[in-house]
Amino acid sequence: MRRTKQIDVKRALALTAAFGFLCCCSKASLLPFLTLYFRQLGLSPSMTGIIMGTKHSITLVWSPAAGLLSKRYNKRRVVINCSLMFSAAAALLLLLLPSVGTPGAQNSTCNTSDLSSGSTQSQFDLTATTRSQTLPTHTKLVTVTSPANSIGESKSAPVPTPTNRNDSEHSEVPLSQGNASVVLSSSQTAVRVENSTVSSLVSAERNKRSAITSDRFEEKQEDSSGFLASLKEMDTQNQLFYLMVIIVSMWEWMSAPLAWTADDGLFEYLDYADASDRHGSTEVWGLLGAACGVAGAGLVVAQIGCHIASRSAVHFYSYAGLAALALPVGIYLPLYLNKKRDRASGLLKAVQLVHGSPHALLCAFTILLVGVVNSAVENFLLWHMEDHGSTELHMGLSLAVALLSQAAFPPLAGRVSKLLSPGRVLVVGAASLGLQCFYYSFLWGPWATLPAQVLSIFSSGALWWAVRTQCEDVATPGAERSVSRVFGFLCLHLGSGLGSFAGGFVVQRFGVTWLYRGLAVGLMAWCVCLPLLQWKAPRQRRINYSRLLAADASEASDSESEPERDWLDKAMEDDRGNNNYERRIGH
């Protein structure tokens with residue numbers, strides 16, 4: 001006989017919690033800082049938005065398809081392990097791309113407090129360099145004192161003097177502020193010519209800054225950008241952008257199937273053991289792992305200082321190292337393939353269920369808007385914090401507070417459910433996200449984001465609790481997880497993709513501040529309309545099929561108990577009568 005496989009539910013949950021902790025810790029050590037790395041390389045906000053939108057689009061399409069293929073061919077464990085290995089390798093490829101060297105690009109956040117002064121000084125240095133390189137050497141006057149640089153500068157500047165026709169070398173005479181007026185008064189015509197020449201050169205320099213920067217970059221980075229230099233038809237920034245899109249797409253192609261496939265395997269394993277109700281008990285470990293990952297990465301980068309040329313490499317190596325630690329756990333991860341499970345309760349059926357419920361449609365549109373706002377926060381919040389003096393330590397701790405606040409909501413869910421209905425909780429969660437976004441537009445210092453991060457207990461924790469409750473009201477037996485994925489995966493990633501594409505162009509045109517204010521106003525307006533729409537929408541009474549079947553069975557047993565008892569008594573009496581008759585004949 002075939003030996004029955006024994007299932008240890010506690011061991012399965014422990015392995016799943018460890019695997020989720022390591023995977024979320026790995027992702028959180030890099031993904032929140034990824035757009036900051038794009039900025040350091042010199043990519044514009046619109047380019048960053050396109051890259052992140054492409055990333056969400058690939059996740060939206062490829063994750064369900066990869067999960068279905070891995071289930072059909074029974075290759076879930078292979079897909080999980082390959083996803084861990086190849087995603088780490090693909091992420092490390094981003095470190096091979098050099099910076100374009102634009103004025104907005106920064107190699108690190110070591111001198112965040114000196115960004116404004118440094119950028120101002122670099123403009124004057126660039127102007128002075130251009131003057132010295134482009135002006136002819138036979139002019140009478142070259143030195144022009146700038147009002148911004150005159151303070152604190154008492155050194156005399158060398159000025160070329162007119163040379164004789166027989167002389168082959170130029171001489172320089174030191175010019176101080178005392179005799180500068182004499183020279184200017186004696187050569188007004190020459191000064192006018194020089195000033196007009198310098199101003200025209202400065203304006204031309206400002207208009208052609210990107211071309212000069214790309215030329216400098218190609219001269220200094222000949223060895224490290226051989227492939228970029230071969231693409232001569234476009235400038236260096238566009239070369240880097242297209243390479244980044246290719247590598248990020250390949251990276252997301254490798255990492256997208258991981259969460260979907262592992263979640264399917266674990267759920268079918270617990271369902272086989274009649275413990276599917278404990279499937280969501282390991283989600284808190286993922287939040288804790290993400291908090292540890294983002295705070296740990298920020299702390300490590302802050303401790304390193306400026307001893308490493310590119311401090312962003314710490315995030316990529318942390319991502320790869322934690323993925324390598326999760327690989328042994330993934331080998332022993334409990335998985336099960338239920339071939340008899342009906343596929344009718346898939347995403348298509350879940351979409352039909354959501355489409356047939358007005359309240360579910362309102363919830364889906366709310367999650368779509370939440371995805372749009374979340375993409376703006378994820379993509380450009382660290383940019384905004386960096387502009388206000390925050391280092392990666394401030395960023396990491398701020399994001400960790402938000403994750404811990406989200407993890408603190410489940411113990412409070414029982415009390416909240418007694419005070420507010422799930423529909424009202426959904427409105428409160430969306431409104432809290434709008435308040436967060438509006439607060440982000442008024443940052444004033446490095447730690448200014450911390451008070452708003454506490455609101456994540458409602459904007460994330462309460463919001464998704466209300467969504468899960470909505471799933472229970474809509475779903476039929478066996479379709480709960482599919483309906484949950486319609487809200488938490490399809491609507492969320494669709495909104496994140498749309499928000500990334502549009503948000504990058506908005507930041508490029510108007511800035512991060514107005515992006516956050518516009519999203520906050522739009523989301524708050526929807527929160528005002530949402531209760532009215534929920535009140536007007538017809539509510540379908542929930543039918544609990546399991547209770548209905550149990551009630552039918554109990555009614556049938558009560559109605560049939562007396563006839564069954566009468567039949568049994570009659571059969572026993574007939575049997576007794578037959579036995580007595582046989583005994584009489586025998587005697």
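In this predicted model, Val-100 is located in the loop that joins α4 to α5 (115-134). Its relative accessibility is 3%, so Val-100 counts as buried. Although Val-100 and Leu-43 are 57 residues apart along the chain, their C-alpha atoms are separated by 8.1 Å.

**The chain as a whole**

The protein chain contains 24 helices and two strands. Of its 587 residues, 43% are buried. Among contacts with a separation of 6 or more, 84% involve residues 24 or more positions apart.

**Individual residues**

Two further loop residues share a backbone feature. Asn-74 is not a glycine, yet it has a positive phi of about 55 degrees. Asn-74 belongs to the loop between α3 (45-72) and α4, and its relative accessibility of 49% makes it partly exposed. Asp-274, likewise not a glycine, has a positive phi of about 60 degrees. The loop between α12 and α13 holds Asp-274, which counts as exposed at 71% relative accessibility.

Two residues within helices can be described in a similar way. Ser-496 is part of helix α22 (residues 480-509). With a relative accessibility of 5%, under the 20% limit, Ser-496 is classed as buried. Leaving aside residues up to four places away in sequence, Ser-496 touches His-56, Gly-371, Val-372 and Ser-375. Trp-514 is placed in helix α23 (residues 512-536). Its relative accessible area of 55% lies over the 50% limit, and Trp-514 is therefore exposed. Trp-514 and Phe-438 are 76 residues apart in sequence, while the distance between their C-alpha atoms is 9.5 Å.

The table sets out the accessibility of these residues.

| Residue | Place | Relative accessibility | Class |
|---|---|---|---|
| Val-100 | loop between α4 and α5 | 3% | buried |
| Ser-496 | helix α22 | 5% | buried |
| Asn-74 | loop between α3 and α4 | 49% | partly exposed |
| Trp-514 | helix α23 | 55% | exposed |
| Asp-274 | loop between α12 and α13 | 71% | exposed |

**Helices α1 and α13**

Helix α1 (residues 9-28) has 20 residues, and the distance from its first C-alpha to its last is 28 Å, close to the expected 28 Å at 1.5 Å a residue. The buried residues of α1 include Val-9, Leu-13, Leu-15, Phe-19 and Leu-22, along with Thr-16, Cys-23, Cys-25 and Ser-26. The helices against which the buried residues of α1 pack are α4 (76-92), α12 (257-272), α13 (283-304) and α14 (313-331).

Helix α13 has 22 residues, which should span 32 Å at 1.5 Å a residue; its end C-alpha atoms are 32 Å apart, in agreement with that value. Among the buried residues of α13 are the glycines Gly-286, Gly-289, Gly-293 and Gly-298. Also buried in α13 are Ala-290, Ala-291, Ala-295 and Ala-297, as well as Leu-287, Val-294 and Val-301. The buried residues of α13 pack against α1, α14 and α17 (392-407).

**Two packed helix pairs**

A pair of packed helices is described by the angle between the axes and the distance between them. Helix α2 (residues 34-41) packs with helix α11 (residues 236-255) at an angle of about 160 degrees, and their axes are 12 Å apart. Angles over 145 degrees count as roughly antiparallel, so α2 and α11 are roughly antiparallel to each other. The crossing of α2 and α11 is right-handed. On the α2 side, Leu-34, Phe-38 and Leu-41 take part, meeting Leu-240, Met-244, Val-248 and Trp-251 of α11. This contact of α2 with α11 has seven nonpolar residues, with no polar and no charged ones.

Helix α16 (residues 358-387) and helix α19 (residues 422-440) form another pair, with an angle of about 25 degrees and axes 11 Å apart. Because angles under 35 degrees count as roughly parallel, α16 and α19 are described as roughly parallel to each other. Their crossing is left-handed. From α16, the contact draws on Cys-363, Thr-366, Val-370, Val-373, Asn-374, Val-377, Leu-381 and His-384, and from α19 on Leu-426, Ala-430, Leu-433, Cys-437 and Tyr-440. By class, the contact of α16 with α19 comprises 10 nonpolar and three polar residues, with no charged residues.

Conventions:
Residues numbered from 1 in each chain as written. Predicted model: local features only at pLDDT ≥ 70, side-chain atom pairs only at ≥ 80, totals over all residues. Heavy atoms only, no water. Axes fitted to C-alpha atoms, helices over the stretch in contact; angles between N-to-C directions. Helix = DSSP H or I, 4+ residues; strand = E, 2+ residues; numbered from the N terminus. Parallel < 35°, antiparallel > 145°, perpendicular 65-115°, else oblique. Left-handed = near helix turned anticlockwise from the far one by under 90°. Contact = heavy atoms within 4.5 Å. Nonpolar A, V, L, I, M, F, W, Y, C, P; charged D, E, K, R; others polar. Expected span 1.5 Å × (residues − 1). Buried < 20%, exposed > 50% of the residue type's maximum accessible area, 1.4 Å probe, protein only.
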